[in-house]
Amino acid sequence: MRVDPLERRYGHRNPAEDEMRIRVLGPVDIWRDGRSMPVVGLKQRTLLAVLTLEANRVVSHDRLLTALWGAKVPVTGRRLLHNHLWSLRRLLTAGGELVSTTTGYSLRLETGASDLEAFLTGTADARLALSEGDAVRAAEMFRSVLSLWRGPALGGTQPDFQAIEGAALEDLRIAALAERIEADLTLERHAELVGELRLLVAEHPLNEALRGRLMLALYRTGRTAEALEEFRVGRRRFRDDLGLDPGEEISRIHQAILTGGSADVATTDPVSHVPRQLPADITRFVGRVEDLKRLDALLPENQGTGVIISAVAGTPGVGKTALVTRWGHRAVSRFTDGQLYVNLHGYSRGRPVTAAQALDQLLRGLGVADDEIPQEIDERAALYRSTLANRKVLIVLDNVATSDQVRPLLPGSSCSRVIITSRDSLRGLSVTHDLDSIVLGVLSPEDAITLLTMLVRDRRTVDEPEALAELAELCGYLPLALRLAAAQLFSQPVLRIGELAAKLRAENRLTVLELAEDPGVGVRAALELSYQSLPESARRTFRLLGVHPGPDVSIEAVAALTGAPLLKARAVVEALTNAHLLQVGPDVRLSMHDLVRVYAQELGEADGVAGEREAALSRMLDWYWRAVSKAIEQVAVLDAHVLNLTHAAEVPDFTSTDEAMAWLETERHSLVATTIRAVEWGVHSPTWQISCCLGKFLYMRNHLDHWLTTAEKGVSEARLAGDLRGEAVTVSNLGYALMFTGRYQENLRHQQRALELWHTIGDPVSEAKALRDVSYGLQLIGELTQAIEIGEQALALSRQIDDQMGVFIAKDNLALSYFRTGHLGKALENLLECQEYWRQEGRVHDEAYGLLLLAPLYIKLGDLTNAMDCFQQAMSLNYSKDNLRVEVEALNGIGMVLRHQERYTEAVEHHERALDLTRRIRNRQLESEVLNDLGDTCFVNGDSIGALECYREAAVCADEANHVYQRGFSRRGLGRALHALGRTDEAKVRWREALEILGPTGVPEAEEVAGWMREIGV
């Protein structure tokens, strides 16, 4: 494919030569093979436009829904959205890919694959050419990118969307047009611009930039009276429409024309010496849009003459200097008296630059002769401030170590602006000066991938998109790490991206990212400089934080880890956060960047300090155990005699269930990771007890992966310790975790093993509990007769030992088996007794679940009023527990009641709300249950096709969950829907499958299916 010079410069290509280009700067379409491929349908065009505007970033479901329907999203909006996206995906070819994520969709586009991206890239490069004084090239480039516009942007999309988003794009076009005209004015093309500018001003009468350029063009062609008339017309229009006088720039042009100023009336008087000291611009720069906007607020015309200072801080390697350099070049035309730059070497292997040395460099940059620079620092600072007075200079003070280093370098009353970069937060400077602080974070995943693509510059980024995304993640989205990785790929064309990613996964990432010929530019070297600047107490804490395996940590856990009093731990953590080696989140939790953590782990494993690790982990594990057990006591009844609960004064004091649940959720990842790390390192403190306590919480929040992981570690630890009680309780905990992942037979085996252990130990209370667990396991695999038999044994044993709690839990379990087998009277009697007991004991969680069992029973008995009341009460009780499973079952159950009341639209709405929540918690068994009920509602409402779709999805979910009842119910429903659609032979197949699944369980639904088959002669 031929590539023209403009493409090499900024990605603008002839669309006829592209495989595909999405076009939004005019009617929305796809250009392919030299012709326009229309996108059919208002909604599909709107979707394509939204995704293109946010190309390579994830667009949330809510934003997509709002773009299509505004505030009135239909009940089936999500399903319709997926259909539109599926149709859209078929239109995309090489150069674009529609990717789904858990939160939304992302349109992955290659460089130049949309006219918007080509326009934005091209205008940025054209502006750079203009700032560098190359007006010829700038004018040519602006004309080229402006030719991409084919009419009003976003044509053919939703009117409200086009009105808002299209207007923003139009502003970009007008800005580029004004700058193209500025380039033409510089080239003295005044006469040929007058006609074009008159039309533009008529179209945009309140645009001062365009009117000012028209005045300049008229004045420079000798038409002074017309230029002054343009100002009078504009001033009247501004006052009438806006109630404002004309702005500073157009007023200055007017004054210069009145006084007969030079043709270059838009500029200020030149100064004798104009420094241009900024480092070379960063041409391959992505993201940082919001940070650049904050720096834009520093521009001279937006402020008075007070000292305006911005400090850009952040982790080593995050791109502080790159951001400031990029912004400085963007804003170069606004600082007409030049730019000063000093690297103060606050974090480098040499000595930092002193304030006196920096002042000497700055004064020389301002044109002060050597013999005029005083020796005393105060005199230098005074001369520096005087020289800067009334000048518009950008002053960049890079790599600052301390506030004292930089204070003498700040101007007094001046139109100049100061930007500081530092790894330190420079809090002291904010006390003495008005400081606008920007803490720079890592790049977004999308921007990190874009940067790698720009740096590697070959087909590997297209051929290995998944490896590219993984590489960006392994680099922690840190710009320095990304550039180091790209440098290795660029210098080794045969090295595949996946190979480099695999090496980073398997080896020390800091070592892999180093360049052998220049290790001083690596991430490790940058971090070492920050580490060495810390006091010893902060270094020790930093090393030990490498022991903590979780994603974040509380200050209390840091105190436990280090063995320090809380106040001392706070002071040390403050030093680490000021150095940006630790980050403080909005919930006041502390975290490390991935690569910073690798460095901390390295230091913790070094000779002479490695022995600290196990002791630190043991201290933290003990603290976590005391805190977890105290939190769980607020949530559920614990087997205190088995778990050996202990408390201490330094753990959090939980005063409510909500508070305890919130703490557990916040600490969840850290608790799971610490449990795993303890097993790996052989730290045998209360690991299995923590895993059992966590099981109750992880179940309530449906964190099944974490539950399964910690439960397995708990069993392993209890067996290693030779603790039979520990093994019994952990085996049961693991069984329940397996049950909720659809492994029902494995659950039953684990519960039977726990029963054997408790019988051997001789603990009747725990043995009764184990019998209940076995009974429930049997019920789940469809062995209802045996489940009832074992359940009655559990009830008898609990009565024998006078265990009231055990009695009612056994009754609750039995009720479900009675309900399944159609013994509705027995089920109702048991459940009502249990509900009374749960209320008396304040067991809100059990009461909510009891209501969810009672409500379907009332439906079977025809009592819809009581059924609705039970579901609504369960919802109300759940507000204090925040258990999504309860909310799903309650919403779905309300849909069932509404179906029986023939309120089908409301019923579907409740089912679909339940379905959305179920997909959030990723529970396939529950999803199949909701889909079966939604199918039943569609069926009785006469929508057999909709019902068929629901039952098919339910069958897939139930098979994945291996849930016997939902597998049978989905086949039962499929048969009904197929029969109603006249597909009787297919219906027979599905009903036979339903009978094979449900028949052995003895549930009434099996006989119902058999009756339908007899009706059709089977």
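**Close-up views of cavities, salt bridges and a surface patch**

Three cavities of 30 Å³ or more are found when the whole structure is searched. The model is predicted, so that local features need pLDDT of at least 70 and side-chain atom pairs count only at pLDDT 80 or more, while totals for chains, interfaces and linings use all residues. Residues are numbered from 1 along each chain as its sequence is written, and side-chain values use heavy atoms, with hydrogens and water left out.

**View 1. The largest cavity and its lining.** The largest cavity holds about 100 Å³ of space. A cavity is a set of points, on a 1 Å grid over the protein atoms alone, where a 1.4 Å probe fits but cannot get out, and lining residues have an atom within 4 Å of a point. The volume is the space filled by probe spheres set on the points, which are joined across faces, edges and corners. The lining consists of Arg284, Phe285, Val286, Arg288, Val318, Gly319, Ala322, Leu443, Leu451, Pro479 and Arg483. Seven of these residues are nonpolar, one is polar and three are charged (Ala, Val, Leu, Ile, Met, Phe, Trp, Tyr, Cys and Pro count as nonpolar, Asp, Glu, Lys and Arg as charged, and the others, Gly among them, as polar).

**View 2. The second largest cavity.** About 60 Å³ of space is enclosed here. Among the lining residues are Leu545, His548, Asp552, Met592 and Arg597. The full lining divides into six nonpolar, three polar and two charged residues.

**View 3. The salt bridge between Asp184 and Arg180.** The closest N and O atoms of this pair are 3.0 Å apart; a salt bridge is a side-chain nitrogen of Lys or Arg within 4 Å of a carboxyl oxygen of Asp or Glu. By this rule the structure has 62 salt bridges. Both residues belong to helix 7 (residues 159-186), where they stand four residues apart, about one turn of the helix. Helices (H or I, at least four residues) and strands (E, at least two) are DSSP runs, numbered from the N terminus. Asp184 and Arg180 are both buried (buried means under 20% relative accessible area, exposed over 50%, partly exposed in between, with a 1.4 Å probe and protein chains only). A network of salt bridges links the two residues with Arg143, Arg189 and Glu196.

**View 4. Charged residues of helix 10.** Glu229 and Arg232 form a salt bridge with an N to O distance of 3.0 Å. The two are three residues apart in helix 10, about one helical turn. Glu229 is partly exposed at 35% relative accessible area, and Arg232 is likewise partly exposed, at 39%. Glu230, also in helix 10, is buried, with a relative accessible area of 12%. The C-alpha atoms of Glu230 and Leu216 are separated by 10 Å, the residues being 14 apart along the chain.

**View 5. The salt bridge between Glu667 and Arg589.** The side chains of Glu667 and Arg589 meet at 2.9 Å, N to O. Glu667 lies in helix 31 (residues 657-681) and Arg589 in the loop between strand 12 (583-584) and strand 13 (590-591), so the pair ties together parts that are 78 residues apart in sequence. Both residues are buried.

**View 6. A nonpolar surface patch.** Leu206, Leu242 and Leu244 make a patch of about 270 Å². Patches are made of residues with over 30% relative accessible area and no salt bridge, like charges being joined within 9 Å and nonpolar side chains (Val, Leu, Ile, Met, Phe, Trp, Tyr) within 5 Å. Accessible areas come from the Shrake-Rupley method with a 1.4 Å probe, and for residues only the protein chains shown count as cover. Leu244 is placed in the loop between helix 10 (224-242) and helix 11 (248-258).

How values were computed:
On a 1 Å grid over the protein atoms alone, a cavity is a set of points where a 1.4 Å probe fits but cannot get out, and a pocket is an open set with protein on both sides within 12 Å along at least five of seven lines; lining residues have an atom within 4 Å of a point.
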